[in-house]
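Colleague: I would like to learn how to read a model of this kind feature by feature. Could we go through it together, with the general idea first and the particular case after it?

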Amino acid sequence: MEFESKIEKVFPRINDVQKKALGKIGIKKTEDLLYYFPSRYSNTDELKNTKNVKKGDKIILYAKVKRIKATKAYYKKIPMTEATLEDSEGILPAVWFRQPYISKMLSEGTFAKFSGTISERNGRPYLANPEYEITNDIPTGLFKNKGGDNFIYPIYSESKGVSSQWIQYAIKKILNSKILDEIKDPIPEEILKKYNLPKLKTALIWIHSPKKESDALSAKKRFAFEEIFFIQVLRQKQKQEAKQKPSFKIKKTKTEIKTFIKNFPFKLTLSQEKSINTILEDFEKNYAMSRLLEGDVGSGKTAVAATTSYAIVSTKPNGSNVGNLQVAYMAPTEILAKQLYDSFIQYFENMNINIGLITSKSCRKFPSKINPKEWTDISKTQLLKWVENGEIPILIGTHSLIQKNVAFKDLAYVIIDEQHKFGTNQRRDITKKNERIPHLLSMTATPIPRTLALTIYGDLDLTLLDEMPKGRKPVTTEIITPEKRDETYEEIRNELEKGRQLYVICPRIDEPDPKKEFALRVKSVKAEAEKIKKQIFPEYNIDIMHSKMTPKEKDTVMKKFENGETNILVSTSVIEVGVNVPNATMIIIEGADRFGLAQLHQLRGRVLRSNHQAYCFVFSDSKSEQTINRLKALKTAKNGFELSEQDLMLRGAGELSGKKQWGISDIGMEAIKNIKMVEVARTEALEIIREDFELKKYPLIAERLEDIETHFE
Ligand code: ADP
Ligand code: MG
């Protein structure tokens, strides 16, 4: 057996279904299995039979469904499923409230594993809302231990066809082979010693078959550190590398910049001015800027982008006295790209600068030949030609910007809006194409915790735009419980009458398929729009928007909303990013408990666009005090960063939006909660790069970095 051995070689008895199931959870080789960590640990304490259970016990029970039917609780007419579970020791009732469909999913005679908490009714215990999993393998090994000390065992996330027990057995087999003796630890021993972390071999054993809980914790800590450490080394290395390559040195006078700033219909905030200056100073250096501009929604990032773009396009390419250096500005969605395009046209009016737009569906050029105040549609071929020969100095677009066929003449500046929506490598791709590295500005309104920023954006310098334009009133935020719904609608009607507009955000697009009974019961865009039209605001125009519409449809909807034809826009969270309609001053968020605080804050940012009083109504049907309290943080937190920290602590790293893009595992995300660990990993990474930038002394680290780089693709 070797690390690279195919799984079906090591376990010749697995069938195709299992093989496919393993593939689904990323297991193809021995090594993958070894790095498939338990999602949690269980204790033989929790394994129970139907006898000897008492109220409050958290149990796991292997039992047969003796009887099962859908019923209604007589007092409140709550639909539910009632069952009787049977094992060798006796019987135990189970109840699933509000889940009558379970009666159809589990039939009499089925054998399953149930896990849940024991409740009591009339002094008799029953299992309340247990999770279940149909299975035929009883973990006999576990029962054999009867009478012995209780012990912990790993639970793995399962995939249809492979059970946690199977994974446990397979990993045991690997651990018992000689394979671990060959394993080399990529983390230098001094570091492990310094922070009291187990060696790789020990950690692998401890994570899969810990003798005690502290072993499992220690192992987890090691792997968490390892993941953050390698990302940090990679980022520090990239940062060093970038400094070795030539870029575009640009120097502008204050007066030149001032002439451009005069074009804005507002006075820049101090924070905007500072950010602009920092960037202009970066432009004067010998290597490319890599900077992250973090600013809450509405803090005015576009003006910073535009001013610094002006510095670039008003500069002539090296050794030439004609033409302009070029700017590429990438946005995550078509809607946003078009809005940015319009803003840029406004800011660059009379500047005699051509601005192009490229999305997957259309291309535009400003100004048009016929009307110098307007843009015109042009063909992609034509646009690409003008970009390539330098006639279009500013190109704004979506992902289409980074396609192979887009070539610039003198690309000197790349701006990426809403950075977190793009993978790290996409950001690098766009800057990598050229011999001379363009300056890079990443902008984000997504408040992310500092530990996470230090890790994933470790190669970027950070600037905060932490001041809102003057005159903005803070959004009045209310947490609306069901009994206050009607009066809230009346409050909203008052504002609609004054001509303001309203967003209604729902968690899903369609009503759930009635056949899919596990579907979430939350409001859908389509049904809610119908209801609002018929029952709540029949006198107003209502439109909908969601991700399944074509760009053209979205465009039309957005236009009508922008020019006020539509009063109410019912949408999913697609409008989250960057949409800018100043007259829309109200937002209702339905099913708010489904969103993270930072995401709610983002959504609320949609109405922070003007000097009218804005309102955010956070609707929650939750009866849990904890949930309501969590939502109340929206009223008290000073800014988005504070909220993101709260998300991290209250709901865990999994709730941070954009998690998938970051390519960090669940274990790594745990480390993100721990500022000390992140700082330590960063210090050690910096140390290594400072000492040996090419990693000549650390071949194992170099090898690992290559893996990580492909992983972030
Ligand atoms: P974001 O940081 O969310 O991208 P935008 O750049 O879209 O914010 O700006 C939000 C709104 O604020 C826009 O309508 C813009 O014209 C306006 N704005 C930007 N800077 C200022 C300022 N200094 N004073 C007043 N309004 C401003
Ligand atoms: Mg923006």
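Modeller: Let us begin with Pro367, which in this predicted model sits in the loop between β12 and β13.

Colleague: What kind of peptide bond joins Phe366 and Pro367?

Modeller: The angle to read is omega, and here, at about -10°, the bond joining Phe366 and Pro367 is cis. Ser368 belongs to the loop between β12 (363–366) and β13 (376–377) as well.

Colleague: Is Ser368 buried or exposed?

Modeller: One reads this from the relative accessible area, for which buried means under 20%; Ser368 has 8% relative accessibility and therefore counts as buried. A polar atom of the Ser368 side chain lies 3.0 Å from the backbone nitrogen of Asn371, and, once neighbours within four places in sequence are left aside, Ser368 is in contact with Glu374, Trp375 and Thr376.

Colleague: In what order do the strands of the open sheet lie?

Modeller: For a sheet one follows the pairing from strand to strand, and in this open sheet of 9 strands, whose pairing is mixed, the order is β13-β12-β11-β14-β10-β15-β16-β9-β17. Because β13 and β17 (461–465) each have a single partner strand, they stand at the edges, and one side of each is left without a neighbour in the sheet. Within the sheet, β11 (residues 355–358) runs antiparallel to β12 and is joined to that strand by 4 bridges, with Ile358 standing opposite Cys363 in β12.

Colleague: Which residues come nearest to ligand 1?

Modeller: For a ligand one looks at the shell of residues before the individual atom pairs. There are 17 residues around ligand 1, of which Lys267, Gly298, Lys301, Thr302 and Arg472 come nearest, and by class the shell has 5 nonpolar, 7 polar and 5 charged residues. As to atom pairs, a nitrogen atom of ligand 1 lies 2.8 Å from a backbone N or O atom of Lys267, while an oxygen atom of the ligand is 2.6 Å from an N or O atom in the side chain of Thr302. Of the 570 Å² of accessible area that ligand 1 has on its own, the protein covers 83%.

Colleague: Which sign does phi have at Asn52 and at Asn122?

Modeller: Phi is a backbone angle, read residue by residue, and it is positive at Asn52, at about 55°, and at Asn122, at about 50°, although neither is a glycine. Asn52 lies in the loop between β2 (47–48) and β3 (58–73) and is exposed, with a relative accessible area of 69%, whereas Asn122, in the loop between β6 (111–121) and β7 (124–134), counts as exposed at 77%.

Methods: Residues numbered from 1 in each chain as written. Chains lettered and ligands numbered in written order. Predicted model: local features only at pLDDT ≥ 70, side-chain atom pairs only at ≥ 80, totals over all residues. Heavy atoms only, no water. Near = heavy atom within 4 Å. Polar contact = N/O pair within 3.5 Å; in protein donor to acceptor, adjacent residues only side chain to side chain. Areas by Shrake-Rupley, 256 points an atom, 1.4 Å probe, with all protein chains shown as cover. Nonpolar A, V, L, I, M, F, W, Y, C, P; charged D, E, K, R; others polar. Helix = DSSP H or I, 4+ residues; strand = E, 2+ residues; numbered from the N terminus. Buried < 20%, exposed > 50% of the residue type's maximum accessible area, 1.4 Å probe, protein only. Contact = heavy atoms within 4.5 Å. Pairing = 2+ DSSP bridges.
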